[in-house]
Amino acid sequence: MNELPNERTIQAKKEIVDQLKAKLDSAVTCVVVDYKGISVEDDTKLRKQLREAGVDYFVAKNTMLRLAAKEAGYEGLNEYFEGTTAVAISDTDPVSAAKILNDYAEDAKANFSLKAGMVEGKIFDKAGIEAIAKLPSKDQLLAQLCSVLNGNIRGLAVALNAIAEKGEQEIA
């Protein structure tokens, strides 16, 4: 017997929810935005920037997002799946998606805004995601750490060299 059109639709929706859940399951970061009023040209630029940072950015129906978030254990995001909603997901960098989207939202003013997000399993409201966006990136933090470590090692080398020179002067 043939499937009814309604059954195909239900199955297609279940597949979409499963795909969204899989994305949320593997996500380190998920940022929810309101993209109302963004032009196609600006959207294309934003998508390119996010893609280059390894961030998956997409628009999905709020109902599908709610179901996927519930199945993934992120029901705290469901209250933000209202109106025009886009989602940015990164499975590697906890800061890049928030940083790129926050910078864009600050430039776009009223046409684009952050709603909320999730970082490493913890749900954050708009203010929390904005604070995360202002954190240095992983690469910046590693560079700062290397600089601090290098400074200490260089200081030790200078001190050891001074001791060695002082010892040579006393021998001579």
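**Helix packing, nonpolar cores and selected residues**

In this predicted model, helices α4 and α5 lie roughly perpendicular to each other. Their axes cross at roughly 105° and come within 8 Å. This assignment follows because angles of 65 to 115 degrees count as roughly perpendicular. On the α4 side, the contact is made by Ala98, Lys99 and Asn102, which meet Ile129, Glu130, Ile132 and Ala133 of α5. Sorted by class, the residues of this contact comprise 4 nonpolar, 1 polar and 2 charged.

Helix α4 also packs against α2. Here the axes are 10 Å apart and the angle is about 155°, which makes α2 roughly antiparallel to α4. The limit that applies in this case is 145 degrees, since angles over this value count as roughly antiparallel. The crossing of α2 past α4 is right-handed. Asp42, Leu46, Gln49 and Leu50 form the α2 side of the contact, and Ala97, Ile100, Leu101 and Tyr104 form the α4 side. The contact of α2 with α4 contains 6 nonpolar residues, 1 polar residue and 1 charged residue.

The largest nonpolar core of the model consists of 22 residues, and those with the most contacts inside it are Val31, Val33, Leu46, Tyr57, Leu101 and Phe112. At least two residues of this core come from each of β1 (29-34), α2 (40-52), β3 (86-90), α4 (96-108), β4 (113-119) and α5 (126-133). Helix α4 provides the largest share, with 7 residues. A second core, separate from this one, has 21 residues, including Val32, Met64, Phe81 and Ile89.

Valine 31, one of the residues with the most contacts inside the largest core, has an extensive list of partners. With residues up to four places away in sequence not counted, valine 31 touches Ala86, Val87, Ala88, Ala97, Ala98, Leu101, Leu114, Ala116, Gly117 and Ile129. Among these partners of valine 31, Leu101 is also listed with the most contacts inside the core. Leu101 and Ala97 further belong to the α4 side of the contact with α2, while Ala98 and Ile129 take part in the contact of α4 with α5.

Two aspartates were examined individually. Aspartate 43 is part of helix α2. Its relative accessible area is 18%, so aspartate 43 is buried, the limit for this class being under 20%. Apart from neighbours within four places in sequence, aspartate 43 is in contact with Ile38 and Tyr57. Of these two, Tyr57 is among the residues with the most contacts inside the largest core.

Aspartate 125 belongs to strand β5. This residue is partly exposed, with a relative accessible area of 42%. Tyr80, Lys115 and Ala116 are touched by aspartate 125 when residues up to four places away in sequence are not counted. Ala116 is also touched by valine 31. Aspartate 125 and asparagine 62 are 63 residues apart along the chain, and their C-alpha atoms are separated by 17 Å.

Glutamate 120 is located in the loop between β4 and β5 (122-125). Most residues other than glycine have a negative phi. Glutamate 120 is not a glycine, yet has a positive phi of about 50°. Its relative accessible area of 62% places glutamate 120 in the exposed class, because that class begins over 50%.

Key
Residues are numbered from 1 along each chain as its sequence is written. This is a predicted model: local features need pLDDT of at least 70, side-chain atom pairs count only at pLDDT 80 or more; totals for chains, interfaces and linings use all residues. Side-chain values use heavy atoms; hydrogens and water are left out. A nonpolar core is a set of buried Ala, Val, Leu, Ile, Met, Phe, Trp, Tyr and Cys residues joined through side-chain atoms within 4.5 Å. Buried means under 20% relative accessible area, exposed over 50%, partly exposed in between (1.4 Å probe, protein chains only). Helices (H or I, at least four residues) and strands (E, at least two) are DSSP runs, numbered from the N terminus. Contact means heavy atoms within 4.5 Å. Axes are lines fitted to C-alpha atoms, for helices over the stretch in contact, and angles run from 0 to 180 degrees between N-to-C directions. Angles under 35 degrees count as roughly parallel, over 145 as roughly antiparallel, 65 to 115 as roughly perpendicular and the rest as oblique. A crossing is left-handed if the near helix is turned anticlockwise from the far one by less than a right angle, and right-handed if clockwise. Ala, Val, Leu, Ile, Met, Phe, Trp, Tyr, Cys and Pro count as nonpolar, Asp, Glu, Lys and Arg as charged, and the others, Gly among them, as polar.
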